[in-house]
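This report describes the architecture, the nonpolar core and selected side-chain interactions of one protein chain. Please consult the sequence and the structure shown below while reading.

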Amino acid sequence: SVSVPPQLGSLLMRLMTSLLVILSTLISSAAFAQTYAYGPSEVTLYGTLISAPGETPDGAKITYPALELVLPITVSSTPGDELFEPTEKGVMLIHLALDKETADQFVQLKGRRIAATGNLFHSDNGHHQTDVLLLVKALSAAR
């Protein structure tokens with residue numbers, strides 16, 4: 001039989017407890033992730049506006065407008081179009097597709113917690129930096 005010093009046994013118990021808490025948090029957040037759909041229905045997502053690092057298809061380093069979500073989401077595949085719009089789970093970062101007006105709003109609100117309203121769509125080319133993107137209709141400071 002192996003004898004473990006009391007200090008090491010206590011440390012191992014604290015470590016195991018911490019690991020169980022982390023694991024249960026990860027499982028519960030995935031289980032309760034809000035589910036959205038691609039397409040014409042507008043959604044409102046909450047998070048922080050950031051300029052995220054990315055890369056163009058030819059390897060050039062860029063930054064792109066992104067929404068770092070408060071909680072992970074799931075975006076469900078479109079029935080009959082699963083190949084081009086597959087289900088994406090645990091989404092925490094979304095590339096934002098902006099027009100002139102929403103680009104100005106992005107600059108004003110960058111770094112702040114916001115509500116972003118628009119339409120979700122799936123990446124379809126090398127310029128899209130995340131699997132799920134949001135075609136932004138409006139950005140506003142979160143309440």
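Helices and strands are DSSP runs, of at least four residues for a helix and at least two for a strand, and they are numbered from the N terminus. On that basis, Leu11 belongs to helix H1, which covers residues 6-31. The model discussed here is a predicted one.

**Overall architecture**

The protein chain contains 2 helices and 6 strands. Read from the N terminus, these elements follow the order α-β-β-β-β-α-β-β. The chain has 143 residues, of which 31% count as buried. Among contacts between residues at least 6 apart in sequence, 63% join residues at least 24 apart. The accessible surface of the protein chain is about 9200 Å², and carbon and sulfur atoms account for 61% of this area.

**The nonpolar core**

In soluble globular proteins, nonpolar side chains tend to be buried together. The largest nonpolar core of this model has 21 residues, and within it Leu45, Ile94 and Leu120 touch the most other members. Two or more residues of this core come from each of strand S2 (43-55), strand S3 (61-76), strand S4 (88-97), helix H2 (100-109), strand S5 (113-122) and strand S6 (132-141).

Which residues does Leu45 touch, not counting those up to four places away in sequence? The list consists of Tyr36, Leu67, Leu69, Ile73, Ile94, Ile114, Ala115, Ala116 and Leu120. Ile94 and Leu120 therefore appear twice in this account: they are contacts of Leu45, and they stand with Leu45 as the members that touch the most others.

**A nonpolar patch on the surface**

Nonpolar side chains also occur on the surface, where Leu8, Leu11, Leu12 and Leu15 form a patch with about 340 Å² of accessible area together. Leu11, one of these residues, has a relative accessible area of 43% and is partly exposed. Patch members must have over 30% relative accessible area, and Leu11, at 43%, is therefore above that cut-off.

**Salt bridges**

The structure holds 2 salt bridges, which are set out below with the N to O distance of each.

| Pair | Distance (N to O) |
|---|---|
| Glu55 and Lys61 | 2.9 Å |
| Lys100 and Asp104 | 3.0 Å |

In the pair of Glu55 and Lys61, the acidic partner, Glu55, is partly exposed at 38% relative accessible area, whereas Lys61 is exposed at 67%. The other pair lies within helix H2, where Lys100 and Asp104 are 4 residues apart, about one turn of the helix. Lys100 is exposed, with a relative accessible area of 61%, while Asp104 is partly exposed at 36%.

**Thr130 in the loop between S5 and S6**

Is Thr130, in the loop between S5 and S6, buried or exposed? Its relative accessibility is 10%, and residues under 20% count as buried, so Thr130 is buried.

The side chain of Thr130 has polar contacts with backbone atoms. One of its polar atoms lies 2.9 Å from the backbone nitrogen of His95. A polar atom of this side chain also lies 2.6 Å from the backbone oxygen of Val132. When neighbours within four places in sequence are left aside, Thr130 is in contact with Tyr64, Leu93, Ile94, His95 and Ser123. His95 thus recurs as a contact of Thr130, and Ile94, also in contact with Thr130, is one of the core residues that touch the most other members.

How values were computed:
Residues are numbered from 1 along each chain as its sequence is written. This is a predicted model: local features need pLDDT of at least 70, side-chain atom pairs count only at pLDDT 80 or more; totals for chains, interfaces and linings use all residues. Side-chain values use heavy atoms; hydrogens and water are left out. A nonpolar core is a set of buried Ala, Val, Leu, Ile, Met, Phe, Trp, Tyr and Cys residues joined through side-chain atoms within 4.5 Å. Buried means under 20% relative accessible area, exposed over 50%, partly exposed in between (1.4 Å probe, protein chains only). Contact means heavy atoms within 4.5 Å. A salt bridge is a side-chain nitrogen of Lys or Arg within 4 Å of a carboxyl oxygen of Asp or Glu. Accessible areas come from the Shrake-Rupley method with a 1.4 Å probe; for residues, only the protein chains shown count as cover. A polar contact is a pair of N or O atoms within 3.5 Å; within protein, one must be able to donate a hydrogen and the other to accept it, and residues adjacent in sequence count only if both atoms are side-chain atoms. Patches are made of residues with over 30% relative accessible area and no salt bridge: like charges are joined within 9 Å, nonpolar side chains (Val, Leu, Ile, Met, Phe, Trp, Tyr) within 5 Å.
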